[in-house]
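User: Could you take a close look at the aromatic rings here and walk me through how they pair up? I am new to this, so please explain the terms as you go.

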Amino acid sequence: MQILIYMLMFAIAFTPHIMVSFLQRNYRFILVLIPALSMLMHLHVFKLDLVGIHVWRQTETQTVINNFYREDFNILHPKINREPDTDRIFRMEFPIMQWLFALFYKFFGNHIAISRVLTFMIGLGSVYGMYSLAKGLFKNKAVATICAWAFNFSPVFYYYTLNPLPDNFALCMAIWSLALFVRYCSGYKLIHIILSALLLSLATSAKLPFILFGAFIGIHLLYLLIKKEIGIGKFISCALTYLIALSPSLWWYYTVIPTWKGNGIVAGVTSNSGSIAYITHILSSTLISILPELLINYGSVLFFLAGFYYLFATKRYKHKYFPALLSCSLAVTGYYLFEINMIELVHDYYLFPFLPLIFLIVAYGAYQLLNSKHKTLKTISLVALCLLPLTAFLRADSRWDTKDPGFNAVLYHNKDEIRNIIPQESYCVTGNDESGYINLYYLDRKGWNFSNDNLTNENISFYISKGAQYLVSDSKVDTTAFVQSHIEKLIFEKDNLRIYKLK
C-alpha cells in the first residue's frame, strides 16, 4: 500500500503537460514499472493455493494440469479426478494451456506457484500485446503506454492474472494476433500474417469465443481490398492462411461440442432459462456495476466516457481501422447477448473478449484529457490515472480470502493432514460439492462427489462396489441410517468436516 501512495505522490509532482511528454520519451520506464509494480502487489498471492471467486473453474483447470503431469501426457486426454470407474477423460476447450503448464511441472515438480507464475507471465504478455496493438492503431507511444497501464489495472484482469484459467491464455493469444495483423498491414510481411493466424488459432483452441476477433481481421482485409490497397490474390491468400490455421481448432470443437450434454453454454439464450425481466436485470446490472467496477476500473471510467466523446469530436470514426473495430465490437456483443443467461452477473471472466476493445477507448480518452486545455481536467485525469493500481487493489485483492476461500475452509487449512490420513491410491466419496472439482482437488484423490445432500443408498453402494474406501463430508447425509450402515469408523473431524473409513 505504501508503494502505491509513493507512486501517487510522484505522479502528482508532474504537471499533466510534463506527464504526457514523459510518457512519450520514457515509455520504456512505464513498461518496466508495470510488471515490477504488479508483482509487488501480487507477491502475497504467489504462495497461496487456489481460493476465491471461481475457484471451481480454477481447480478444474489445475486438476487437468496435475493429471497431465502425473498420469497421461497425451494432450488429447485431459483427465479430471471425478468418476474413477471411467477413463476420466473430459474434453471441453482444447487443453493447450494446461498441457504447456504440465510441461513445466515435468521440469520443476508439482508446485501451485508454477501455475501462478506462468499465468502471471501470460498476463504480462497480454499487457505488452495491448501496448503493441495500441501503438499500431494510434501510431502514438503515449497512447500505447496509457493503454498498457490502464489495461493491467482492470480489476478483473488484475484478479485473474494470477489464477490458472485458459481464458488468460486465449486473451493473450488473441491480442497478439490482432497486434501482428496490424503490423502486417503496415508492411505486408508474410511472417506477420502467418504468426497472427497461428495465434488466433491458439486463442480459439483455448477458448472458442475468441474466434470472434477474426471479425476485426476479416473486415479490415475486405476494407483493404475495396480501397485497392491489396489485390484479390493477396486477399485470398490471407483468408486461406487464417482458414488453414483455424482448421484444427474448429475440428476439435466440431467433435467435442456434441459431447457437452446438459451444458447451457451451447444453447445460450435459446434454452429459455431466464425471463425477460431477469435478462433485463442482468443487462442493467452489468452496465451499472460490472462494467465500471470490474472491467474498466472506477478510476478509468472518466477516460472511457471521454474516449467515446473524442471518437466523434475528433472524427476518429473515419480512421481506417474503425470499421474493423466496430465489427469486432458487434461480434463480441452478440456473443455476450447469446450467452447472457449463462454469464449472468457471476462469470466475469467470460467478458474477457471485451477488454481489448474497452481499453483502446480508455487509452484514447485518457490521452485526449491529458492534452486538454483545461488544467483542472488535466490534473484530475492525471490523478485518476495514477490511482488505478490502488483502486484495482482495493476492489480485487479481497478475493484471495483464505478465511472464506469459497469452499470448506477446513480443506484448505488442513489439506496436508487430510492427505496423510487417506492413502494415495484410495478412492473417496465427497460432498457437499456442487463443482465436482474443488473437494477432490484438495483431497488430491480420485472419487465421486455429491451435492445438496443427494447421496442415496444406491449411489454409495455403487461407489463402494467400484472401490470407494473413504467418505469425506460436510453434509448432514452422513447421519442417515443407510450411510451409517456403510461406515466403519470416524477417522477425522474438524468443525463441520468429517472423514470416515467405509466398510
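**Aromatic rings, up close**

Analyst: Let's start with one residue: W99 is partly exposed, at a relative accessible area of 22% (buried means under 20%, exposed over 50%, and partly exposed in between, with a 1.4 Å probe and protein chains only). This is a predicted model, where local features need pLDDT of at least 70, side-chain atom pairs count only at pLDDT 80 or more, and totals for chains, interfaces and linings use all residues. Residues are numbered from 1 along each chain as its sequence is written, and side-chain values use heavy atoms, leaving out hydrogens and water.

The structure holds 31 aromatic pairs. Rings of Phe, Tyr and Trp (its six-membered ring) pair if their centres lie within 6.5 Å; planes under 30 degrees apart count as stacked, over 60 as edge-to-face and the rest as tilted. W99 pairs with F73: their centres are 4.8 Å apart and their planes at 25°, so this pair is stacked. F73 is partly exposed too, at 26% relative accessibility.

Now for another pair, F216 and Y321: their ring centres are 6.0 Å apart and their planes at 5°, so they are stacked. Both F216 and Y321 are buried.

Rings can also join into a group: ring pairs link Y158, Y159, Y160, Y349, Y350, F352 and W400 into a cluster.

Finally, look at R82, which lies over the face of F90, at 6.0 Å from the ring centre, and over the face of Y437, at 5.0 Å. A charge sits over a ring if NZ of Lys or CZ of Arg is within 6 Å of the ring centre and within 35 degrees of the ring normal.
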